[in-house]
Amino acid sequence: MNAHTPSPDLQLELRGDQQDIAVIRLSRPAKRNALNDGLILALRNMFETLPATVRAAVIHGEGAHFCAGLDLGELQERDAGQGMMHSRMWHAALECVQHGPVPVIAALHGAVVGGGLELASACHIRVADASAFYALPEGSRGIFVGGGGSVRIPKLIGVARMTDMMLTGRVYNAQDGEHAGFAQYLVPEGQAFDKALALAARVAQNAPLTNYALMHALPRIAEQPADQGFFTESLMAAIVQNAPEAKERVKAFLEGRANKVSKD
Ligand code: 1HE
């Protein structure tokens, strides 16, 4: 198996007049969309080969749950080196999600657990419906996160909450999860996908270079010491505002042809 192996458990559909929204579906509902090696490699391949028309992506899960995490059926005995390589395979795939070509919006419902939460945390926006719940069962399965969770999840909810989840098996429901920081949007049950799609359509209208800066520069700047961050920001600001599209958008506003900011 290699990074170019397609998986029947991962579907891609292009939407929008310009085919600018990629809808990516985890399609293994009988196993609650548990992520086996084939799915992880297919995910990586999909983000590496998205059509050039795509400007934003939505990822969601078929059936009653977003994702049950690592496919525990594949968790064989590995020696330390093999275990590390397996974790690195997940890192490579989720790196393609986080630092790929377009912003990714996760539509969450049901179980968002273990590696499923690691996948969700690699996305840029998380929309949860009222059925969503979040857990890190690794703690009780005698294992540890291996899909980048210890780096990305504390950025959403803090180290203390993640430590508690893994030590005690705590499960957050959708509402508490939103307050904790797992999701930026909480919608009624059954509406996460439509909301994610609407957000994706909005994101796809942005200048691509602005979206690129948000995905690639912002997280790095946020990790830099302030002095370096300010400097990097100035470089990114100069590059983005110099694009012809930025000049046209600002001109459109000044000539009354663009939307005002509105709270409605
Ligand atoms: C699975 C998996 C899985 C379900 N690997 N097969 N993740 C977990 O520890 C979560 C384990 N799963 C669950 O707690 C529950 O399945 C759910 C809460 C997600 C869903 O419950 P439910 O009642 O809807 O489904 P079910 O009856 O438990 O499962 C249906 C089938 O899916 C069943 O198989 P069947 O052949 O008996 O029908 C389950 O065995 C199977 N299934 N989840 C394999 N995870 C990079 S490191 C990341 C480390 C981790 O992610 S550890 C956390 C793993």
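**Figure 1. Arg257 and its salt-bridge partner.** Arg257 counts as partly exposed, at 48% relative accessibility. The structure shown is a predicted model. Arg257 forms a salt bridge with Glu255, and their closest N and O atoms are 2.8 Å apart. Glu255 is partly exposed too, with a relative accessible area of 46%. The pair belongs to a network of salt bridges that links Glu248, Lys251, Glu255 and Arg257. Side chains of opposite charge can pair when their charged atoms come close.

**Figure 2. The whole chain.** Eleven helices and nine strands make up the regular elements of the chain. The radius of gyration is 19 Å, close to the 18 Å that the globule rule gives for 264 residues, so the chain is as compact as a globular protein of that length. Along its principal axes, the C-alpha trace spans about 65 × 45 × 40 Å. Of the 264 residues, 45% count as buried. The accessible surface comes to about 13,900 Å². Carbon and sulfur atoms account for 55% of that surface. Take the contacts between residues at least 6 apart in sequence: 71% of them join residues at least 24 apart.

**Figure 3. The open sheet.** Six strands form this sheet, in the order E1-E2-E3-E4-E6-E9. The sheet is open, and its pairing is mixed. Strand E1 (10-15) and strand E9 (185-187) stand at the edges. Each has a single partner strand, so one side of each is left without a neighbour in the sheet. From one strand to the next, the twist averages 20°.

**Figure 4. The hairpin of E1 and E2.** E1 and E2 run antiparallel, and six bridges join them. One bridge pairs Leu12 with Ile24 in E2. Five residues lie between the two strands of the hairpin. Here Gly16 takes a positive phi near 90°. E2 is mostly covered, with five of its six residues buried.

**Figure 5. E2 beside E3.** Strand E2 (residues 21-26) and strand E3 (residues 56-61) run parallel. Six bridges hold this pairing in the model. Val23 has Val58 in E3 as its bridge partner. Arg25 stands opposite His60 in E3. In a regular strand the side chains alternate between the two faces of the sheet.

**Figure 6. Helix H1 across the sheet.** Helix H1 covers residues 37-48. H1 lies across E1, E2, E3 and strand E4 (104-108). The helix runs at about 25° to E1. Of the strands it crosses, E1 stands at an edge of the sheet.

**Figure 7. A buried salt-bridge pair, Asp71 and Arg28.** Asp71 forms a salt bridge with Arg28, with the closest N and O atoms 2.8 Å apart. The pair links distant parts of the chain, 43 residues apart. Asp71 sits in the loop between E3 and helix H2 (80-98). Arg28 sits in the loop between E2 and H1. Are these two residues buried or exposed? Asp71 has 12% relative accessibility, which is under the 20% cut-off, so Asp71 counts as buried. Arg28, with a relative accessible area of 16%, is buried by the same cut-off.

**Figure 8. A salt bridge in the open, Asp264 and Lys263.** The side chains of Asp264 and Lys263 meet in a salt bridge (4.0 Å, N to O). Asp264 is exposed, with a relative accessible area of 84%. Lys263 is exposed as well, with a relative accessible area of 81%. The full count comes to twelve salt bridges.

**Figure 9. Asn211 and its contacts.** Asn211 is found in helix H9 (residues 208-223). How accessible is Asn211, buried or exposed? Asn211 is buried, with a relative accessible area of 6%. Which residues does Asn211 touch, not counting those up to four places away in sequence? Asn211 touches Arg55, Pro103, Val203 and Asn206.

Notes
Residues numbered from 1 in each chain as written. Predicted model: local features only at pLDDT ≥ 70, side-chain atom pairs only at ≥ 80, totals over all residues. Heavy atoms only, no water. Pairing = 2+ DSSP bridges. Helix = DSSP H or I, 4+ residues; strand = E, 2+ residues; numbered from the N terminus. Axes fitted to C-alpha atoms, helices over the stretch in contact; angles between N-to-C directions. Contact = heavy atoms within 4.5 Å. Rg over C-alpha atoms; globule rule 2.2 N^0.38 Å. Buried < 20%, exposed > 50% of the residue type's maximum accessible area, 1.4 Å probe, protein only. Areas by Shrake-Rupley, 256 points an atom, 1.4 Å probe, with all protein chains shown as cover.
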